[in-house]
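Got a minute to go through this one together? Here come the sequence and the model, followed by a few questions and answers.

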Amino acid sequence: MNLKKVLTYLAIAFVVFYLFTQPANAADAVKNLFGGIGTGAERLSAFFTSLFSG
């Protein structure tokens, strides 16, 4: 087994463990992740809007 595969399995195992042991914190982490992606998309949209509007 190569190192990349082992690290991938360990990361998946950690996520599953975190989901089962602290589901509320895991849900908050996912909300924050998607909130950050949404904020980044809004800022990128505002940048291109101001860039092309003048």
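**Helix and rings**

Across residues 1-26 the chain is 88% helix and 0% strand, with 29 Å between the end C-alpha atoms. Keep in mind that this is a predicted model.

Q: For which feature does UniProt list residues 1-26?
A: The label comes from the record, an unreviewed UniProt entry. Annotations like this may be inferred rather than shown by experiment. The name listed there for residues 1-26 is "signal peptide".

Q: How many aromatic pairs does the structure hold, and what kind do Phe47 and Phe48 form?
A: The structure holds three aromatic pairs. For Phe47 and Phe48, the ring centres are 5.1 Å apart and the planes sit at 70 degrees. Planes over 60 degrees apart count as edge-to-face, so that pair is edge-to-face.

Q: What kind of pair do Phe48 and Phe52 form?
A: Here the centres are 6.2 Å apart, with 15 degrees between the planes. The two residues are four apart in helix α2 (residues 23-53), which means about one helical turn separates them. Planes under 30 degrees apart count as stacked, so this pair is stacked.

Q: Which residues do ring pairs link into a cluster?
A: Phe47 pairs with Phe48, and Phe48 pairs with Phe52. Linked through those ring pairs, the cluster is Phe47, Phe48 and Phe52.

Q: Is Phe52 buried or exposed?
A: Phe47 is partly exposed at 44% relative accessibility, and Phe48 is partly exposed at 38%. Phe52 has a relative accessible area of 67%. Exposed means over 50%, so Phe52 is exposed.

Key
Residues numbered from 1 in each chain as written. Predicted model: local features only at pLDDT ≥ 70, side-chain atom pairs only at ≥ 80, totals over all residues. Heavy atoms only, no water. Phe/Tyr/Trp six-rings, centres within 6.5 Å; stacked < 30°, edge-to-face > 60°. Buried < 20%, exposed > 50% of the residue type's maximum accessible area, 1.4 Å probe, protein only.
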